[in-house]
Amino acid sequence: MEENQAFPKVDLHYNGTFVPNPLVYFAPEVLRLNEDANEFVFSDFIKYVEKLIDFQCKHVYYCIPEVRLSEGIQTLQNECDYSQFLEVANANRHVDVYIDHDNEPIFEWIQKEEPDDEELVYSEEDVDSVFGR
């Protein structure tokens, strides 16, 4: 895949597990989609992803780029969410999508997270919030 591709990069993180405090997606497989997400409507995008990973996607999320997962995670459940996802993807030229295979209480975990020291500096790996990449 060329770096100067016309459409935004979408990296799909699947077969991993969300773990809390801080929220991360642990040990995923990562697949870059070779299609332009702008060419899909929500339902077709989900069908495409399900076919790629051979798994029914009921709990799908994306994260606003360069924001910690616990602060940038967004649901991807309907056409309205998908429209916002496309805005983020197109504005940033890249977005990460996460499949929750276990229906974890992600937003409950986020509410219970310990507040971070504002003096901490995060590396790019921390921002991705992905282990085993």
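**View 1. Tyr-61 and its partners in the neighbouring strands.** Tyr-61 stands opposite Thr-75 in strand 6, while in strand 7 the bridge partner of Tyr-61 is Tyr-98. Helices (H or I, at least four residues) and strands (E, at least two) are DSSP runs, numbered from the N terminus, and two strands pair if DSSP finds at least two bridges between them. This is a predicted model, in which local features need pLDDT of at least 70 and side-chain atom pairs count only at pLDDT 80 or more, whereas totals for chains, interfaces and linings use all residues. Residues are numbered from 1 along each chain as its sequence is written, and side-chain values use heavy atoms, with hydrogens and water left out. Strand 5 is joined to strand 6 by 3 bridges in the antiparallel sense, and to strand 7, also antiparallel, by 4 bridges.

**View 2. The two faces of strand 5.** From strand 5, Val-60 and Tyr-62 point one way, Tyr-61 and Cys-63 point the other way, and all are buried, where buried means under 20% relative accessible area, exposed over 50% and partly exposed in between (1.4 Å probe, protein chains only).

**View 3. The open sheet and its edges.** The sheet is open and holds 5 strands in the order 4-1-7-5-6, with mixed pairing. Strand 4 (29-32) and strand 6 (73-75) stand at the edges with a single partner strand each, so one side of each has no neighbour in the sheet. From one strand to the next, the twist averages 30°, angles being taken from 0 to 180 degrees between N-to-C directions, with axes as lines fitted to C-alpha atoms, for helices over the stretch in contact.

**View 4. Strand 1, strand 4 and the helices on the sheet.** Strand 1 (residues 9-14) and strand 4 run antiparallel and are joined by 4 bridges; the partner of His-13 in strand 4 is Val-30. Helix 1 (residues 42-53) packs on the sheet, touching strand 1, strand 4, strand 5 and strand 7, and its direction makes about 55° with that of strand 1. Helix 3 (residues 79-92) lies across strand 1, strand 5, strand 6 and strand 7, at about 140° to strand 7.

**View 5. Phe-18 in the largest nonpolar core.** A nonpolar core is a set of buried Ala, Val, Leu, Ile, Met, Phe, Trp, Tyr and Cys residues joined through side-chain atoms within 4.5 Å. Of the 35 residues in the largest one, Phe-18, Phe-45, Tyr-82, Phe-85 and Ile-99 touch the most other members, and helix 1 gives the most to this core, with 6 residues.

Conventions. Contact means heavy atoms within 4.5 Å.
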